[in-house]
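Me: I would like to learn how to read a structure like this one, feature by feature. Could you take me through the general ideas and then show me each of them in the case at hand?

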Amino acid sequence: MAIDVSSIKTADTSFKNFLNTWNGTGNIAQQYQQHLANASTSTAHFAATLKNIAANALPILAISTIIQLVQAGWDTLNVTVEEQEAKVNSLQAAYQNLQSEYEQLSSKQDLTDAEQKRLSYLERRLELDERILKAEEHQLFKEKTGQKFTDRFDSDNYYTKYQQDTRWDKWGLLSSQCH
């Protein structure tokens with residue numbers, strides 16, 4: 001809704017007229033009350049306009065928030081094969097780095113206490129990272145072969161590729177050439 005500029009102009013004009021015409025005589029109280037009435041009317045129109053703007057903006061803000069939440073949920077559910085492969089590759093690289101550090105440290109003789117603690121830490125970390133890597137590789141297999149609803153939107157999914165390859169119209173069975 002647009003701001004009613006005319007009522008603000010009326011109040012400004014009224015005040016200017018009051019200041020220009022008042023010469024120190026006459027009924028100043030009545031003229032001043034008239035000016036205040038005009039000013040309060042324009043202020044009331046302005047406040048009503050702001051309320052309408054806020055009332056109209058609230059549903060738009062709510063809809064925008066809902067859309068963002070749905071999008072975040074979709075992104076959480078829809079893990080693509082490509083994303084999962086990147087995660088597995090990153091974990092494999094980190095695991096290999098830890099393994100090479102472990103091998104370097106374990107081949108050393110006469111380890112200090114700090115090196116001994118680091119070696120112990122690396123052993124535990126390698127065990128944990130190996131489990132995580134196996135779980136992520138299993139998840140990658142599930143993403144490649146899964147039949148979840150979100151897998152239908154992943155072009156690297158084997159089931160999706162199979163469905164696309166076995167469509168009847170791809171073989172030309174529904175086209176006019178078969179008649």
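Reply: Let us begin with burial, where a residue counts as buried when its relative accessible area is under 20%, as exposed when that value is over 50%, and as partly exposed in between. Please keep in mind throughout that this is a predicted model. By that cut-off Asp129 is buried, because its relative accessible area is 11%.

Me: Before we look at single residues, how many helices and strands are there in the protein?

Reply: The protein has six helices and zero strands, and the order of elements from the N terminus is accordingly α-α-α-α-α-α. Of its 179 residues, 18% are buried, and the accessible surface amounts to about 13,800 Å², with 56% of it belonging to carbon and sulfur atoms. Among contacts with a separation of 6 or more, 58% are made by residues 24 or more positions apart.

Me: How do I check the length of a helix, and what span should helix H4 have?

Reply: The expected span is 1.5 Å times one less than the number of residues. Helix H4, which covers residues 113–145 and so has 33 residues, should span 48 Å, and its end C-alpha atoms are 48 Å apart, which agrees.

Me: Which residues of H4 are buried?

Reply: The general idea is that an α-helix has 3.6 residues a turn, so residues three or four places apart point the same way. In H4 the buried residues are Glu115, Leu119, Leu122, Leu126, Asp129, Leu133, Glu136, Leu140 and Glu143. Helix H3, residues 81–107, is included in what covers them.

Me: Which residues make up the largest nonpolar core?

Reply: That core has six residues, namely Tyr95, Leu98, Leu105, Leu119, Leu122 and Leu126, and H3 and H4 each supply at least two residues of this core. To look at one member more closely, Leu122 is in contact with Leu98, Glu101, Tyr102 and Leu105, once its neighbours within four places in sequence are left aside.

Me: What does Gln84 contact, leaving aside its neighbours within four places in sequence?

Reply: Gln84 lies in helix H3 and counts as buried because its relative accessible area is 3%. With those sequence neighbours left aside, its contacts are Val79, Glu136, Gln139, Leu140 and Glu143; Glu136, Leu140 and Glu143 are also listed among the buried residues of H4.

Me: Let us return to Asp129, then. With which side chain does Asp129 meet in a salt bridge?

Reply: In general, side chains of opposite charge can pair when their charged atoms come close. Here the partner of Asp129 is Arg125, with a distance of 3.2 Å from N to O, and both residues lie in helix H4, four residues apart, which is about one turn of the helix. Arg125 counts as partly exposed because its relative accessibility is 33%, whereas Asp129 is buried at 11%. Apart from its neighbours within four places in sequence, Asp129 is in contact with Tyr95 and Leu98, and both of these belong to the nonpolar core described above.

Me: How many salt bridges does the structure hold?

Reply: The structure holds five salt bridges, and two others are worth reading alongside the one at Asp129. Lys134 and Glu130 meet in a salt bridge with N and O 3.9 Å apart, and being four residues apart in helix H4, they are separated by about one helical turn. Lys134 counts as exposed because its relative accessibility is 52%, while Glu130, at 35%, is partly exposed. In another of the salt bridges, Lys108 pairs with Glu115, and the closest N and O atoms are 2.5 Å apart. Lys108 is partly exposed, with a relative accessible area of 44%, while Glu115 is buried, with a value of 17%.

Me: Finally, which residues form a nonpolar patch on the surface?

Reply: A residue can enter such a patch when its relative accessible area is over 30% and it has no salt bridge, and nonpolar side chains are joined within 5 Å. In this structure Phe46, Leu50 and Ile53 form a nonpolar patch on the surface, and together they have about 240 Å² of accessible area. Ile53 is found in helix H2, residues 28–77, and Ile53 counts as partly exposed because its relative accessible area is 38%.

Technical notes: Residues numbered from 1 in each chain as written. Predicted model: local features only at pLDDT ≥ 70, side-chain atom pairs only at ≥ 80, totals over all residues. Heavy atoms only, no water. Patch = residues over 30% accessible without salt bridge, like charges linked within 9 Å, V, L, I, M, F, W, Y side chains within 5 Å. Areas by Shrake-Rupley, 256 points an atom, 1.4 Å probe, with all protein chains shown as cover. Salt bridge = Lys/Arg side-chain N within 4 Å of Asp/Glu carboxyl O. Buried < 20%, exposed > 50% of the residue type's maximum accessible area, 1.4 Å probe, protein only. Contact = heavy atoms within 4.5 Å. Core = buried A, V, L, I, M, F, W, Y, C linked by side-chain atoms within 4.5 Å.
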